[in-house]
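Colleague: Before I rely on the labels attached to this model, I would like to hear the reasoning behind them.

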Amino acid sequence: MFYRQVHLMKKLTDPKEIAELAALYDIYGPLLKEEHREIFSDYVLENYSLSEISEGIGVTRQAVYDIVKRSSQRLRDYEEKLKLLEKSEAIESELDALDELIDISDEKIKNNIKKITENIRNHL
């Protein structure tokens, strides 16, 4: 029980985790209940504490924590099944490669653009 109470007080601070959750929220956030979206957004994106959120909506910190935890897991589950973030990142990578081809000779550009556009189409 003590570990759980201490764990509840820990703030989400890992920039990679915050970035991942923000990206997942951008894609899958509309699939969460409105109340859960607001709580998740306040905690993860707006950096409010569990106490601030719980006081603002009149529930316990535990309830806020549970909603954030479940919402995070749901977003990760959606990504595991649908892979929309993964596909988006792959497409972005291919588009970055296209940008780099601008300085290369014409014939090489044609061949590389064909290859990259095929890769993009395969991701869609």
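The exchange below takes up the labels in turn and sets each against its cut-off.

Modeller: Please keep in mind that this is a predicted model. The protein chain has seven helices and zero strands, and its pattern along the sequence is α-α-α-α-α-α-α. Of its 124 residues, 27% count as buried, and carbon and sulfur atoms hold 52% of an accessible surface of about 8,800 Å².

Colleague: What makes H4 roughly perpendicular to H5?

Modeller: H4 and H5 pack at an angle of about 110°, and their axes are 8 Å apart. Angles of 65 to 115 degrees count as roughly perpendicular, and therefore H4 is given that description relative to H5. On the H4 side the contact is made by Leu50, Ser51, Ile53, Ser54 and Ile57, and on the H5 side by Arg61, Val64 and Tyr65. These residues divide into five nonpolar, two polar and one charged.

Colleague: Why are H3 and H5 described as roughly perpendicular to each other?

Modeller: The angle between H3 and H5 is about 95°, with the axes 9 Å apart. Since the range for roughly perpendicular is 65 to 115 degrees, the description follows for H3 and H5 as well. Here His36, Ile39, Phe40 and Tyr43 of H3 meet a set of H5 residues that includes Val64, Ile67, Val68 and Leu75. The contact of H3 with H5 comprises seven nonpolar, three polar and two charged residues.

Colleague: How many aromatic pairs does a search of the whole structure find, and what makes the pair of tyrosine 25 and phenylalanine 40 stacked?

Modeller: The search finds two aromatic pairs. In the pair of tyrosine 25 and phenylalanine 40 the ring centres are 5.3 Å apart and the planes stand at 20°. Centres within 6.5 Å make a pair, and planes under 30 degrees apart count as stacked, so both conditions are met. Tyrosine 25 lies in helix H2 (residues 15–28) and phenylalanine 40 in helix H3, 15 residues apart, and the pair thus links distant parts of the chain. Both tyrosine 25 and phenylalanine 40 are buried.

Colleague: Why is the pair of tyrosine 28 and tyrosine 78 called tilted?

Modeller: The centres of the two rings lie 5.8 Å apart and the planes are at 40°. That angle is neither under 30 degrees, as stacked would need, nor over 60, as edge-to-face would need, so the pair of tyrosine 28 and tyrosine 78 is tilted. This pair also links distant parts of the chain, with tyrosine 28 in helix H2 and tyrosine 78 in helix H5, 50 residues apart.

Colleague: How do you know whether tyrosine 28 is buried or exposed, and how is tyrosine 78 classed?

Modeller: Tyrosine 28 has a relative accessible area of 1%, and because buried means under 20%, tyrosine 28 is buried. For tyrosine 78 the value is 24%; this lies between the 20% limit for buried and the 50% limit for exposed, so tyrosine 78 counts as partly exposed.

Colleague: What is the phi of lysine 83, and why is lysine 83 called partly exposed?

Modeller: Lysine 83 has a positive phi of about 60° although it is not a glycine, and it is placed in the loop between helix H5 (61–82) and helix H6 (84–100). Its relative accessible area is 33%, which falls between 20% and 50%, so lysine 83 is partly exposed. Asparagine 47, in the loop between helix H3 (34–45) and helix H4 (50–57), likewise has a positive phi, near 65°.

Methods:
Residues numbered from 1 in each chain as written. Predicted model: local features only at pLDDT ≥ 70, side-chain atom pairs only at ≥ 80, totals over all residues. Heavy atoms only, no water. Helix = DSSP H or I, 4+ residues; strand = E, 2+ residues; numbered from the N terminus. Buried < 20%, exposed > 50% of the residue type's maximum accessible area, 1.4 Å probe, protein only. Areas by Shrake-Rupley, 256 points an atom, 1.4 Å probe, with all protein chains shown as cover. Axes fitted to C-alpha atoms, helices over the stretch in contact; angles between N-to-C directions. Parallel < 35°, antiparallel > 145°, perpendicular 65-115°, else oblique. Contact = heavy atoms within 4.5 Å. Nonpolar A, V, L, I, M, F, W, Y, C, P; charged D, E, K, R; others polar. Phe/Tyr/Trp six-rings, centres within 6.5 Å; stacked < 30°, edge-to-face > 60°.
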